[in-house]
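Here is a short report for a first look at this structure. Keep the sequence and the model side by side while reading.

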Amino acid sequence: MRNFDVSGMSCAACSSRVEKAVSSVDGVTSCSVNLLTNSMTVEGPATDKAIIDAVTKAGYSASVQKDISDKKINEITDRETVKLRNRLILSAVFLLVLMYLSMGHTMLGLPVPSFMADHKIIGICQMVLAAIVMVINRKFFISGTRSLIHLSPNMDTLVSIGSAASFIYSVWVLFMTEGSMHSLYFESAAMIVTLITVGKMLESYSKGKTTNAIKGLMDLAPKTATVIRDGKESVIPVAEVVIDDIFVVRPGENIPVDGVVIEGTTSVNESALTGESIPADKAEGDKVFAATTNASGFIKCRAEKVGRDTTFSQIIRMVSDASSTKAPIAKTADRVSGVFVPVVMGIALVTFAVWMIIGAGVETSLTRAVSVLVISCPCALGLATPVAIMVGSGIGARNGLLFKTAASLEMLGRTEIAVLDKTGTITEGRPVVTDIIPSGDNTEQELLSYASSLEIKSEHPIAGAIISCSGSRDVASYDSDDFEALSGSGVRAKINGHTITGGNIEFIGSRFDVPADVSDRVRDLSGEGKTPVIFASDDEILGIIAVADVIKQDSREAISELVKMGIDVHMLTGDNDITAHAIAERAGITNVIADVLPGDKESVVRKLQRSGKVLMVGDGINDAPALTRADTGMAIGAGADVAIDSADIVLVKGNMREIPAAIRLSRKVITNIHQNLFWAFFYNVIGIPLAAGVFVGINGWQISPMFGAAAMSLSSFFVVTNALRLNFADIYDPKYDRIIRKKNKKEQEDNMDELTVTMKIEGMMCPHCEARVKKALEGLDQVVSADVSHEKGTAVLILTASADSSLLRKTVEDEGYKVTEIG
């Protein structure tokens, strides 16, 4: 994916024209133009030169965009608003004088200098003042004319034609007829471009606000780093830091790049990345990230990621990329925008002709036609979606929710089924000690002391949990000798002259006489989804220590919120059914899919997709295929890189409550887009007939070109301001959650109906051939799964609905094999 800056666009018709021109270039597979950011995203092997040439031929200019993480904050600072403000002030000065002459003197009789006693002189003064205002706002006329020459009229074309028509008509009345001063429309010509400039300035100011999230993030980026080179500390620009540089960070300083602590301990405020205000403790071996703040101690670190590869730079890039892409919901507005301006020009011509035919005269007919031109607003249509997407992406970034594309931000809100991987998502992903149950006269301290002394030489995760627990309780530790890891899930060592043994019930039971109460307790703990370990000293049972991967603190609350939102929650795990249901019960989940092999997660998601839109949440490498298959994939930020790369959304903090918060944000953005689109369409549907004079004969309603221009300006401002309202939304508040329409039982049963079809295929010679055919067939929407055998020469398909046999045949034969029968 490559990004380009595009200049010269003024409305949705412009962005539609650029998109169409670039999409026609050989080698371009997709093109998305964003009017809000004046940027373009292109995919495909086409050269940059070919793409830029296509934009130039369309009447605009383009250049390759710098990576957002390489830009300085002043490069994305809003400068357009200042230019428009200066232009507006200058226009207003001359317009006020013009309005005094045209309205104040002519209509109200206000005094003028004696040399203006002749109405011709006043008319000429009006003409000069209007011309000055039009020259000040010449950008409308230059852009409008250029677009017309390229046969791609835009909003500027409408404005310039409307203003020029009023001006030219007034000049004709002034010099070629004996018409009265009331027949002059110089003030309309000047007022139109001035009011449009007001709207453009308000729109530009509001658009500048939508990029505050990116600017706020960039402002946090550290500028310098203190590195140790040749044994000396030196302060250098952060851009000069290289991998493996040793850098130091003192209390209160920002960490310059991603790295690992090699000396010292501290607490780091990571709110810039995670939104979490509580500082995280860091010690030797812990990772630190750029743009986070060292809150307390002095640390020395080794640089691991620098420049655009840091986590902070990637977050900025994700927010920028999400804002540059286009949501599917925008396609309707794009189709309308592509033909909007020519249609409006046609309506204006028809309006002029109809009023002339019914005898209204040139003045009235021209007024109606000009009103139609200036009241029409394609900008509101073009801005309706991107402003909401950009604001939504910014809110997500501030809360540690990173949406990679606009499509993922839209799709998430349509989720009907949430599939949550157990380990690392619902649970902490690491075992901890949950129960310490001494036997006989032994105490918890004694049991834990012997157990940790035994396990300290073991590398098993359960051993790590026991050692960690003993460390937190500050229990005594003993030296061990003759440590052995025994077959059958057990360990043994000599400690304080005793033989200490630890293992599961089967291992200990084969070597010791286990009391009935201990066996019963082990069974109860196993039923709760825990892993009980029995410890013995010589021939005496010391007790039981149970270890489990406990659920996260906010898991139950988050799942409850998802259920209240009308989403069916499923837990996916490779654990056995008893353990899985025990954890699911604690988390508040009723739908459990247990004993799932790592390679089968994708097929589970595929099957659930027959019942609705599926969200998959995971963190492991084995979750990557399922994350890709799901309608929306969501990865935990602390998870594997492969999972993060495969996901559409990344949860930086990894808290479960971020899941309903992200869905809530998506729904709010979709609602905001619907509101914007409704206003944009409603405004034009009502405004154009009103300007054309359709209501004059019904209730006398009509509108002048000046009021039409004012309405046009405010329509875009309304859309942008409405999107900015999203900044006040509390995405963690479930108060206004609503249940989306869910399929009834019959619909779900209809979707779950399966058809089995067997294809006989010739030409498959090996497992590689099987894999090619399987991948091709499972790529079809109707195919749930394909069981392909090169030895039998068959492919057994499970379909969600009857599929066209010719499509199945073509899919296989396109891979180079021959289908002999389908039945």
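The protein chain has 30 helices and 30 strands. The model is predicted. Of its 823 residues, 51% count as buried. Contacts often span the sequence: among those between residues at least 6 apart, 69% join residues at least 24 apart.

**A sheet with two helices on it**

Start with an open sheet of 6 strands, in the order 16-21-20-19-18-17. The pairing is antiparallel. Strand 16 (432–438) and strand 17 (480–486) are the edges, and each pairs on one side only. On average, neighbouring strands here are turned by 20° against each other, direction ignored.

At one edge, strand 17 pairs with strand 18 (residues 490–495) over 5 bridges, in the antiparallel sense. Within this region, E484 has R492 of strand 18 as its bridge partner.

Two helices meet the sheet. Helix 17 (residues 461–473) packs on it and touches strand 16, strand 20 (531–537) and strand 21 (540–548). The direction of helix 17 makes about 75° with that of strand 16. Helix 19 (residues 516–527) lies across strand 16, strand 20 and strand 21. Helix 19 runs at about 5° to strand 21.

**Two loop residues with positive phi**

Two loops around this sheet hold residues with a positive phi, though neither residue is a glycine. The table sets them out.

| Residue | Phi | Loop | Relative accessible area |
|---|---|---|---|
| D474 | about 55° | between helix 17 and strand 17 | 68% |
| N496 | about 50° | between strand 18 and strand 19 (498–503) | 47% |

Are these residues buried or exposed? D474 is exposed, because its relative accessible area of 68% is over the 50% cut-off. N496 is partly exposed, because its 47% falls between the 20% and 50% limits.

**A second open sheet**

Another open sheet of 6 strands has the order 6-5-7-13-8-11. Its pairing is antiparallel. The edge strands are strand 6 (232–237) and strand 11 (287–288), and each pairs on one side only. Strand 11 pairs with strand 8 (residues 258–263) over 2 bridges, in the antiparallel sense. There, K287 in strand 11 stands opposite V260.

**The nonpolar cores**

Which residues have the most contacts inside the largest nonpolar core? They are V18, V22, M40, L420, M634 and I659, in a core of 126 residues. Helix 25 (residues 658–692) gives the most to this core, with 14 residues.

Look more closely at M40. Leaving out residues up to four places away in sequence, M40 touches R2, N3, F4, V6, V18, V22, C31, S32, V33, I51 and V55. A second core is separate and has 21 residues, including L454, I462, I466 and A493.

**A crossing helix pair**

Two packed helices are described by the angle between their axes and the distance between the axes. The axes of helix 20 (residues 555–564) and helix 21 (residues 577–587) come within 8 Å. They cross at roughly 75°. The two helices are therefore roughly perpendicular to each other, since angles of 65 to 115 degrees count as such.

Which residues meet at this crossing? S555, R556 and I559 in helix 20 meet E585, R586 and A587 in helix 21. By class, this contact has 2 nonpolar, 1 polar and 3 charged residues.

How values were computed
Residues are numbered from 1 along each chain as its sequence is written. This is a predicted model: local features need pLDDT of at least 70, side-chain atom pairs count only at pLDDT 80 or more; totals for chains, interfaces and linings use all residues. Side-chain values use heavy atoms; hydrogens and water are left out. Two strands pair if DSSP finds at least two bridges between them. Helices (H or I, at least four residues) and strands (E, at least two) are DSSP runs, numbered from the N terminus. Axes are lines fitted to C-alpha atoms, for helices over the stretch in contact, and angles run from 0 to 180 degrees between N-to-C directions. Contact means heavy atoms within 4.5 Å. A nonpolar core is a set of buried Ala, Val, Leu, Ile, Met, Phe, Trp, Tyr and Cys residues joined through side-chain atoms within 4.5 Å. Buried means under 20% relative accessible area, exposed over 50%, partly exposed in between (1.4 Å probe, protein chains only). Angles under 35 degrees count as roughly parallel, over 145 as roughly antiparallel, 65 to 115 as roughly perpendicular and the rest as oblique. Ala, Val, Leu, Ile, Met, Phe, Trp, Tyr, Cys and Pro count as nonpolar, Asp, Glu, Lys and Arg as charged, and the others, Gly among them, as polar.
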